[in-house]
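Look over the sequence and the model below before reading on. The text after them walks through the interior, the open and closed spaces, and one strand with its partners.

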Amino acid sequence: MRFKALVFLIMLSNITRAGTYHQAIDYVFPLPDSKLLPVKTTVILKLDESYNEQITDLNDLIVVKDAGVVCDANTFFATDDRTIILKPNKDFQRGKTINVTIELSQFGFDDFQYDFTIAKSSDNDLDWVNYTNMAANSSTSDVSGSITQEVSPVRLINGVAVPSDFPNISVNISGETAPGRIFIPATKWIIICNNDGTPYFYRKFDDGHTKMRFEPHPTGVLSFHNYEVYDTIMDQNFVEIDTIVPGHGYLPDDHELQILENGHMLLVARDDVRIDMSEIVSGGNPNALVEAHHVQELDQNHNVIFEWRNWDHLDIRDTEVSIRGGFVDFVHTNSIAVDYDGNLIISPREYNMVIKIDRVTGETIWKLGGKKSDFVFINEDIEFSRIHDVRPIPGEPNQYTLYDNGRARANGKQFSRAVQYKLDTDPNVMTAEKVWEYRHTPDLFSAYCGSCQPLANGNRLIGWAGNDYFTEVDPNGELVYEMHVQGFSCSRVRRYEWDGMMQQPYLTLENMGSVVRLIFNKFGDPNVAHYNIYFGESANSLALFDSTEQTYYDINASSLGDGAQYFFLVAAVDTNGVESNCSQLETALIRVVAPGENAVYNGDFQSLEGWSLQTSDDANAAGQVNSNGFYQINISQGGTSFQSVQLKQDYLLVMQNKDYVFSFDAYATANRVISAKIESADSIQTNYGKIGYTGISTELKHYEFEFTMNYATDSESRIVFNCGSQEGDVFIDNVSLVYNNVDNTLTPLPSPWQSQDIGQPSLAGGAGMHDNTFVIRASGSDIWNQSDAFHYVYRQVTGDAEIIARVYSLQESDPWAKAGVMMRNSLAPASRHAMMIMSANNGASFQSRIQDGGSSTHMVGSQTSAPHWVRLVRKNNLFTSYESTDGVVWELVGSEAIDMDNTIFIGLPVTSHNDGVICEAQLDNIQILSE
């Protein structure tokens, strides 16, 4: 039968301890007859310890043959002096059966032989060698385009200066917390905070990789995970000293790294393999990409000394998720912990299960939850679902906390909780008693991630992922501490005692227009008397510029001189007058541009300076300034897209809330379409001017586009002319970007209208009137899930009511930027509400939250865009929504029963759905009818 060809995927309950295969062997890896092994597999052997001293020749102990040929390999003891590793000197061949002979004859036994098979797929064969042992390099930052503008004051958190985009942190302390500081991974930040929210350490990364975990370890080091790249290790001086990736060529995974007291590392290794799932399940995809998450233990030299593979121990048919699609994530191991007896506790999320593993043999000791649980639950009426962060309670054997996400819970109600179980592992009893749980008031829901950390004083620290909240409760479930990190959803939060100190200041540089702002801190050092700032026009000619006792310094950019690049370092001086090592080097390219002057360097192409021409996707093009002073792009091969041929200029400053005019002259040898825009260097999808495609012809024409910069100020934007996908010549000249110094002031809102930010967006919103149009500018992450972040223009009404508006325009800060009409029970971020909205690029919809802090719901309207009419009607506690193209003929979208107070807040909500970016919406024809 074809089914038998992949029987290893479903027979796995038959595999027990490795010792079953031979009395002299405690553990062997790979297991006999294992399949889908990666090409970088090593052979791992643990003999009964009595035989180690009898080994006569370690190199002859293990013989490995690949397709019948003996592999050239190195055999050695791991750093635990127990585990024997054979590491081949070249990769195994894909799809081949590998033969292993363990020469046990030297101990008086017959030799032990077995086979394993290498996966045919190359999906898991990435080479991560170049990422090993990478320490941090000094960072640099190019900024430019200084101009006269108002400069916002530096952000200070209890006297500590932070960059303008640092997360907004607020705390509420209502009881006695456990000792220690809070460790927060927040997208591009890693942060350590004191209890009151004061930063003890932070570092910002612009490498595009989300920072997932951040925590200290018993060896005195810190680690953080760069999503899908590797784990970075820092010492107590916050210096990067190492990087960690899984062994055997597996992909790094963001869920777990435990560094133990002996320097060993426990981690999750991601394994992507192509499998014909039609042989496993009816309707399965014959070429599915199946993702497994194995458990590995590495020694101090990063050698694998233990591996627990999903393929060997789990029946794929027992997973709680569908295995019929093109991508199958059937395990999703998300936590590893060492239990009181030294064995391992793991959490394979998609099995709704906790598993205890024998750390010597790999044998499964017990399973809690899921389809094949060994325990009966008592004092529990809720099935845990899609759990995270399973942790043993120190000093309390067989007791465990976990974060129960509650996604796909059997009764359908979505809420998350922290819960603790006490297990009775007597074979005649086998019960799991719930002895503690905590649910937030109101309930919070985390579809993914989340954490629950048992603390030394008996408290529990809970991270409500997706809700920006961290909660600490005492053993009685009383709230003692809550931290809110606005707009940043952290996978898990930790509290630990930590007293690291930097050897030199950490420096960030921000271009504030007329000011270059330096922000610096020698974190952890209480003896800093002042900071010395060094400055120069080259890295080798720095001189003392000034000193300050503050942790920031503003430099007038105009005083530095136009068109030059400047270099900055900062050093700390202690109370004894001893100067520290200098910070990393930061650079700034200063260009002084007044209102009405051209911010583009060499926009009339007196030379090629300041411009670059790039090709990709097999495109071929050359650029030159022709005799008429045009930049001529000769395109002999257009490539596959507009971006295949790019003329660009980097390092332009565009400032928030300024009106800009972008213009150029152009023609071509044949009619064609190009894409000319002002964009973010970090994200080509962020088109500041919202400029679409431009048609150019054989006739020279002048093109001009006006826009308001509604994003945060960007000192590293760029002008790009995308001219690919078609052959021929393109001619460009007189490129200009100018701004005026007039703010976009609006008249105040008429009484009784008011406005405010809801849920603390990281950039403040505002609203006013332009003629009879409401102009609302908002940041905020969204109006969705259990809590909102947006700007609200509102008034109060009592009883039944109706509101109508036309969403005239809505900027696309995100496809899900929203504007419309709302009825809201309160101004709290988690308030119940109903709203009929237009999104920037996802049409109209009726959205609501029927309970405070509950989940949000969505009813789809038409797939249209602004301008469009929206309407919301309250009759008793039934809220009904409509949409219209003309404000006359209305189409029903949906309705929802919501128990609201008699007096509610009615108005116009706007969110950018991209916190840190301002979105502008204009709404008119506002009508409110009420009893």
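What follows takes the nonpolar cores, then the voids, then a strand pairing.

The model is predicted. Its largest nonpolar core has 72 residues, and within that core Leu47, Leu61 and Phe330 touch the most other members. Strand β20, residues 265–275, gives the most to this core, with 7 residues. In soluble globular proteins, nonpolar side chains tend to be buried together. Leu47 can be followed outward from here. Setting aside neighbours within four places in sequence, its contacts are Ala24, Ile25, Asp26, Asn52, Ile55, Leu61, Arg82, Ile84, Leu104 and Phe107. Leu61 thus appears both in this list and among the core members that touch the most others. Apart from this core lies another, of 41 residues, which includes Ile184, Ile192, Met234 and Trp498.

The spaces come next. The second largest pocket holds about 970 Å³. It is lined by 28 residues, and those closest to its centre are Pro218, Gln258, Pro392, Pro394 and Tyr496. Two or more lining residues come from each of β15 (211–216), β19 (251–259), β24 (333–338), β29 (387–392), β33 (451–454) and β37 (494–496). Of the elements, β37 gives the most, with 3 residues. By class, the lining of this pocket comprises 16 nonpolar, 4 polar and 8 charged residues.

Closed spaces are also present: the structure holds 5 cavities of 30 Å³ or more. The largest cavity has a volume of about 90 Å³. Around it stand Met212, Arg213, Asp254, His255, Asn334, His388, Asp389, Cys449, Gly450, Ser491 and Arg492. The elements β15, β19 and β29 each give two or more residues to this cavity lining, and these three elements are also listed for the second largest pocket. The cavity lining divides into 2 nonpolar, 5 polar and 4 charged residues.

The last stop is strand β61, residues 801–810. Is this strand largely enclosed or not, and why? Since 7 of its 10 residues are buried, that is, under 20% relative accessible area, β61 is largely enclosed by the rest of the structure. Strand β61 is joined by 7 bridges to β66 (residues 868–875), and the two run antiparallel. In that pairing, Ile803 has Leu872 of β66 as its bridge partner. Strand β61 also runs antiparallel to β70 (residues 919–930), with 8 bridges between them. There, Arg806 stands opposite Asp924 of β70.

Conventions: Residues are numbered from 1 along each chain as its sequence is written. This is a predicted model: local features need pLDDT of at least 70, side-chain atom pairs count only at pLDDT 80 or more; totals for chains, interfaces and linings use all residues. Side-chain values use heavy atoms; hydrogens and water are left out. On a 1 Å grid over the protein atoms alone, a cavity is a set of points where a 1.4 Å probe fits but cannot get out, and a pocket is an open set with protein on both sides within 12 Å along at least five of seven lines; lining residues have an atom within 4 Å of a point. Grid points are joined across faces, edges and corners, and a volume is the space filled by probe spheres set on the points. Helices (H or I, at least four residues) and strands (E, at least two) are DSSP runs, numbered from the N terminus. Ala, Val, Leu, Ile, Met, Phe, Trp, Tyr, Cys and Pro count as nonpolar, Asp, Glu, Lys and Arg as charged, and the others, Gly among them, as polar. Buried means under 20% relative accessible area, exposed over 50%, partly exposed in between (1.4 Å probe, protein chains only). Two strands pair if DSSP finds at least two bridges between them. A nonpolar core is a set of buried Ala, Val, Leu, Ile, Met, Phe, Trp, Tyr and Cys residues joined through side-chain atoms within 4.5 Å. Contact means heavy atoms within 4.5 Å.
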